[in-house]
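Please work through the exercises below with the sequence and the coordinates open beside you. Each task is followed by a solution that proceeds step by step.

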Amino acid sequence: MNTGVDIVDVNKVKLEARRDKVVYSEDWQWWDWVAPDQESITDALKELTGAFPDMQYWLNKIPEVESNYLSVRFINGTEPVIFGSLLYAIKNEKADKRKDNQMFFYVDRHNLVTLNMDNNTRDIMNTDERSQMLQKCSEAKDGMFVLFRAVLHYYHVGMDHFEMNLRDLERKMESRNARTLMDQILAARFELLYWSNLFIPYSELMAAAHEAYLDEIKDNRFFQQLQHRVERMERLFSHYEKEIDTLISIDNAISGVRGNEIMKTLTIVTAVFIPATAAGAIWGMNFENLPFIDNPWGVVLVLVLIIISMISMYVWLMMKGWTGDLLKVKSSQSSVEGKQSSGATEKRKT
């Protein structure tokens, strides 16, 4: 039953103090408790300690844990229990702003205890689909698998939003690789790192389940469903990491090519203007007997010699093939764009 009505804001997630006991079968039950402030947490821990003496070690860890935590213990040396905390981000739609929450959980054979689960996840677990799944669970651990599978929904929504931004970034890079794109690529990399770090406890949970239940979960339907969803997320993370690494490699390659073209252009310009520089240095000397300095046509002759020397220098560089495609890039791009536009026109006509 609900025994609290206070509403407070904890970690940007609105939590309402409550004490719920949900029974889905005669074999197990779910204790869904919320303690939004320090005082209510203290009261909840006292009540839980009185109701479940075997949980005392877990309850003592709750005030100390501020990050993900997972432990596997064996009551009386045989009965497995799994307890810990889970940090996750709540995100229902692509446009939603994610909200962080920390949930504590404990599961033995007959009891599933959650502390400070968010209201949105609670609403998901109360839907007909999830309720029917929970009713088919024979033990509390099955309910835990169903719950954690539901929380993974937020990760999929986060990845959908991430993929939408990544595709937009790829289109920008394809059309025009601006300098600011690297900052956007790095921002996407940190976004993926954020979700990947949140996902680490799931990999640890799968290993902990194998440690606790051994062959019991080999043919467990709910565990297999969670495992397949976890594998889906792992493949998504791996794929997006490769995509971002590819974008970084492309940006580095384009930057390298641009840098080489710039240096080549500056080298050619410097080489072409060497005759003018040399002539300016010679005729700029403070001597009286310089060639053609007293003749009225001397300036014209020197200018003609400089121009001829510069043209000869450029022709020589071009004959050597050292100018590359610097002067052909624009025309080549124009021809390619012309072919693409004509091709698109022909398609529209057909």
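The exercises that follow concern a predicted model, and they go from the overall architecture to individual residues.

**Exercise 1. Overall composition**

Task: State how many helices and strands the protein has, and describe its burial, its contacts and its exposed area.

Solution: Begin with the secondary structure, in which the protein has ten helices and eight strands. Turn next to burial, where buried residues make up 39% of the 350 residues. For the contacts, consider those with a separation of 6 or more, of which 64% are accounted for by residues 24 or more positions apart. Finally, the protein exposes about 20800 Å², and carbon and sulfur atoms supply 55% of that area.

**Exercise 2. The nonpolar cores**

Task: Determine which residues have the most contacts inside the largest nonpolar core, and establish which elements contribute to that core.

Solution: The general expectation is that, in soluble globular proteins, nonpolar side chains tend to be buried together. In this model the largest nonpolar core has 60 residues, and Tyr-155 and Tyr-202 are those with the most contacts inside it. The elements that give two or more residues to this core include strand 5, strand 6 (79-90) and strand 7 (99-107), and on the helical side helix 3 (119-125), helix 4 (128-135), helix 5 (140-175), helix 6 (181-213) and helix 7 (221-272). The largest share of the core, 16 residues, comes from helix 5.

To see the surroundings of one central residue, leave aside the neighbours of Tyr-155 within four places in sequence; Tyr-155 is then in contact with Leu-87, Tyr-88, Trp-195, Leu-198, Phe-199, Tyr-202 and Met-233. A second, separate core of 20 residues includes Ile-41, Leu-48, Phe-104 and Leu-115.

**Exercise 3. Two buried residues**

Task: Is Ser-71 buried or exposed, and which residues does Ser-71 touch beyond four places in sequence? Carry out the corresponding analysis for Leu-181.

Solution: First locate Ser-71, which is found in strand 5 (residues 69-75). Its relative accessible area is 10%, so Ser-71 is buried, given that buried means under 20%. The side chain of Ser-71 makes a polar contact with the side chain of Arg-73 at 3.4 Å. When residues up to four places away in sequence are not counted, Ser-71 touches Val-81, Ile-82 and Phe-83.

Then take Leu-181, which is found in helix 6 and which, at 2% relative accessibility, counts as buried. With residues up to four places away again left out, Leu-181 touches Leu-169, Lys-172, Met-173 and Arg-176. A longer-range relation is given by the C-alpha atoms of Leu-181 and Asp-251, which are separated by 8.4 Å although these residues are 70 residues apart along the chain.

**Exercise 4. Salt bridges**

Task: Of the salt bridges in the structure, examine the pairs formed by Glu-79, Asp-168 and Arg-189, and decide what parts of the chain each one joins.

Solution: The structure holds 15 salt bridges. One of them is formed by Glu-79 with Arg-109, the closest N and O atoms being 3.1 Å apart. Because Glu-79 lies in strand 6 and Arg-109 in the loop between strand 7 and strand 8 (111-115), this pair ties together parts that are 30 residues apart in sequence. Glu-79 counts as partly exposed, at 33% relative accessibility.

The second pair is Asp-168 and Arg-171, whose closest N and O atoms are 3.9 Å apart. Both belong to helix 5, and because they are three residues apart they are separated by about one helical turn.

In the third pair, Arg-189 forms a salt bridge with Asp-245, and the closest N and O atoms are 3.8 Å apart. Arg-189 lies in helix 6 and Asp-245 in helix 7, so this pair ties together parts that are 56 residues apart in sequence. Arg-189 is partly exposed, with a relative accessible area of 30%, and Asp-245 is also partly exposed, with 36%. As a last step, note that salt bridges with shared partners join Glu-79, Arg-109, Glu-139, Lys-141 and Glu-216 into one network.

**Exercise 5. A nonpolar surface patch**

Task: Identify which residues make the nonpolar surface patch of about 500 Å², and place Val-315 within the secondary structure.

Solution: The patch is made by Ile-307, Ile-311, Val-315, Met-318 and Met-319. Val-315 has its place in helix 9 (residues 298-320), and with a relative accessible area of 34% it is partly exposed.

Definitions and conventions:
Residues numbered from 1 in each chain as written. Predicted model: local features only at pLDDT ≥ 70, side-chain atom pairs only at ≥ 80, totals over all residues. Heavy atoms only, no water. Helix = DSSP H or I, 4+ residues; strand = E, 2+ residues; numbered from the N terminus. Buried < 20%, exposed > 50% of the residue type's maximum accessible area, 1.4 Å probe, protein only. Polar contact = N/O pair within 3.5 Å; in protein donor to acceptor, adjacent residues only side chain to side chain. Contact = heavy atoms within 4.5 Å. Core = buried A, V, L, I, M, F, W, Y, C linked by side-chain atoms within 4.5 Å. Patch = residues over 30% accessible without salt bridge, like charges linked within 9 Å, V, L, I, M, F, W, Y side chains within 5 Å. Areas by Shrake-Rupley, 256 points an atom, 1.4 Å probe, with all protein chains shown as cover. Salt bridge = Lys/Arg side-chain N within 4 Å of Asp/Glu carboxyl O.
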